[in-house]
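Please open the model in a viewer and keep the sequence at hand. The tour below proposes a series of selections and states what each one shows.

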Amino acid sequence: MIMADDAVQKLITSFWNQVAPGYDEPANVAAPGTAAYADWREAIGSVLPGSPAEVLDVGTGTGFVARIAAELGHRVTGIDLSEGMLARARAATGAEASVAYRVGDAVAPPFPATSFDAVISRSVLWTLRKPGQAFRNWFTLLRQAGQVAVIYGLADRPPPQSAAPEQRAGLFQRTYTDETRAALTAMYLDDHGPLIELAEAAGFADVTVRPLTRLTGWENSPGSALPYALVGYRPVEPGTARG
Ligand SMILES: C[S@@+](CC[C@H](N)C(=O)[O-])C[C@H]1O[C@@H](n2cnc3c(N)ncnc32)[C@H](O)[C@@H]1O
């Protein structure tokens, strides 16, 4: 059965609202002050432009990446469709941090064209409907020479079958059913190629994939040993001023 786009997203958003209270555990995010946090800070700094820049964190969740980007000196906006995740993000972010959170769809962020210098997302691509459309919209949101940074994992084995309806005991199983997965075309990537193609088809140039080797062990995709960052740039159009 093919589910309507909004029905898929409603199910996904409901999942994240329910898991929000327990999300900030060491398997998902590094605690400030730890060596792992320093590694994440270094990795995120390496895929963002020099500060200060206007950064959009799509699928910000509890604001892990958004807060690190703000610590690095950027002005950050974090969007998510889960009010539950955003509530945790707001509670965890001090008033001094330059982060604004709002509800918004990562596939079609609600901002005018050329609003940002960088669009970043971490561990979101796998649960995103229409990733190609998302890349195209992120391209439009960027100023010339702006950059996209997508942090994701690769699976090294085929996706497990989702359980039969009567066996769908867990919330994850009941959410990420075969029907849901059919709408999430980047949920189980076993190769960087399709992602690079999506980014280039959206107009991004100089697209590279970098293994974030110091973060080995952080991705939860089946078999994935480490996260990667895809980075691409909105080209500067000849004869135009940047911006
Ligand atoms: C695995 S969490 C990652 C959160 C955060 N980026 C991090 O690194 O901890 C996935 C997040 O994507 C959000 N999400 C899923 N689909 C979304 C969409 N279409 N628009 C905005 N957020 C979305 C979920 O609500 C959830 O907060």
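Select threonine 127 and tyrosine 176 to begin: their side chains are joined by a polar contact of 2.6 Å in this predicted model. Threonine 127 belongs to the loop between β4 and α5. Its relative accessibility is 9%, so threonine 127 counts as buried, the limit being under 20%. Leaving aside residues up to four places away in sequence, threonine 127 touches Ile12, Trp16, Tyr176 and Leu184.

Keep Trp16 and Tyr176 selected and add Phe15, Tyr23, Trp126 and Phe172; these residues form one aromatic cluster.

**The ligand**

Which residues come nearest to the ligand? Of the 20 residues around it, they are Tyr23, Gly59, Asp80, Ala106 and Arg122. Tyr23 is also a member of the aromatic cluster just shown. Next, display three polar approaches to the ligand in turn.

- Aspartate 80: a polar atom of its side chain lies 2.6 Å from a ligand oxygen atom.
- Alanine 106: here a polar backbone atom is 2.8 Å from a nitrogen atom of the ligand.
- Arginine 129: a polar side-chain atom lies 3.4 Å from a ligand nitrogen atom.

**From arginine 122 to the nonpolar core**

Return to Arg122, one of the residues that come nearest to the ligand, and add tryptophan 40. The charged end of arginine 122 sits over the ring of tryptophan 40, at 4.6 Å from the ring centre. Not counting residues up to four places away in sequence, tryptophan 40 touches Ala30, Phe64, Ile68, Arg122, Ile151, Leu215, Trp218 and Pro227.

Trp40 also leads into the largest nonpolar core, which has 40 residues. Within this core, Trp40, Ile44, Phe64 and Ile120 touch the most other members. Elements that each supply at least two residues of the core include α1 (5-19), α2 (35-46), β5 (142-153) and β7 (227-233). Which element gives the most to this core? It is α3, with 6 residues. A second, separate core holds 31 residues, among them Leu56, Val58, Phe116 and Leu128.

**Helix α3**

Now select α3, residues 64-71. Is this helix largely enclosed or largely open? Of its 8 residues, 7 are buried, so α3 is largely enclosed by the rest of the structure. The buried ones are Phe64, Val65, Ala66, Arg67, Ile68, Ala69 and Ala70. Two of the names, Phe64 and Ile68, have already appeared among the residues that tryptophan 40 touches. Show the surroundings as well: the cover over the buried residues of α3 includes α2, β1 (54-58), β2 (75-80), α4, β3 and β4. Just after α3, look for glycine 73, which takes a positive phi of about 105 degrees.

**An aromatic pair**

For the last stop, turn to the aromatic pairs, of which the structure holds 15. Select phenylalanine 139 and phenylalanine 204: their ring centres are 5.2 Å apart and their planes stand at 80 degrees, so the pair is edge-to-face. The pair links distant parts of the chain, since phenylalanine 139 lies in helix α5 (residues 131-141) and phenylalanine 204 in the loop between α8 (193-201) and β6 (205-211), 65 residues apart. Are the two partners buried or exposed? Phenylalanine 139 is buried, with a relative accessible area of 16%, and phenylalanine 204 is buried at 4%.

Technical notes:
Residues are numbered from 1 along each chain as its sequence is written. This is a predicted model: local features need pLDDT of at least 70, side-chain atom pairs count only at pLDDT 80 or more; totals for chains, interfaces and linings use all residues. Side-chain values use heavy atoms; hydrogens and water are left out. Rings of Phe, Tyr and Trp (its six-membered ring) pair if their centres lie within 6.5 Å; planes under 30 degrees apart count as stacked, over 60 as edge-to-face and the rest as tilted. Helices (H or I, at least four residues) and strands (E, at least two) are DSSP runs, numbered from the N terminus. Buried means under 20% relative accessible area, exposed over 50%, partly exposed in between (1.4 Å probe, protein chains only). A charge sits over a ring if NZ of Lys or CZ of Arg is within 6 Å of the ring centre and within 35 degrees of the ring normal. A nonpolar core is a set of buried Ala, Val, Leu, Ile, Met, Phe, Trp, Tyr and Cys residues joined through side-chain atoms within 4.5 Å. Contact means heavy atoms within 4.5 Å. A residue is near a molecule or strand if one of its heavy atoms lies within 4 Å of it. A polar contact is a pair of N or O atoms within 3.5 Å; within protein, one must be able to donate a hydrogen and the other to accept it, and residues adjacent in sequence count only if both atoms are side-chain atoms.
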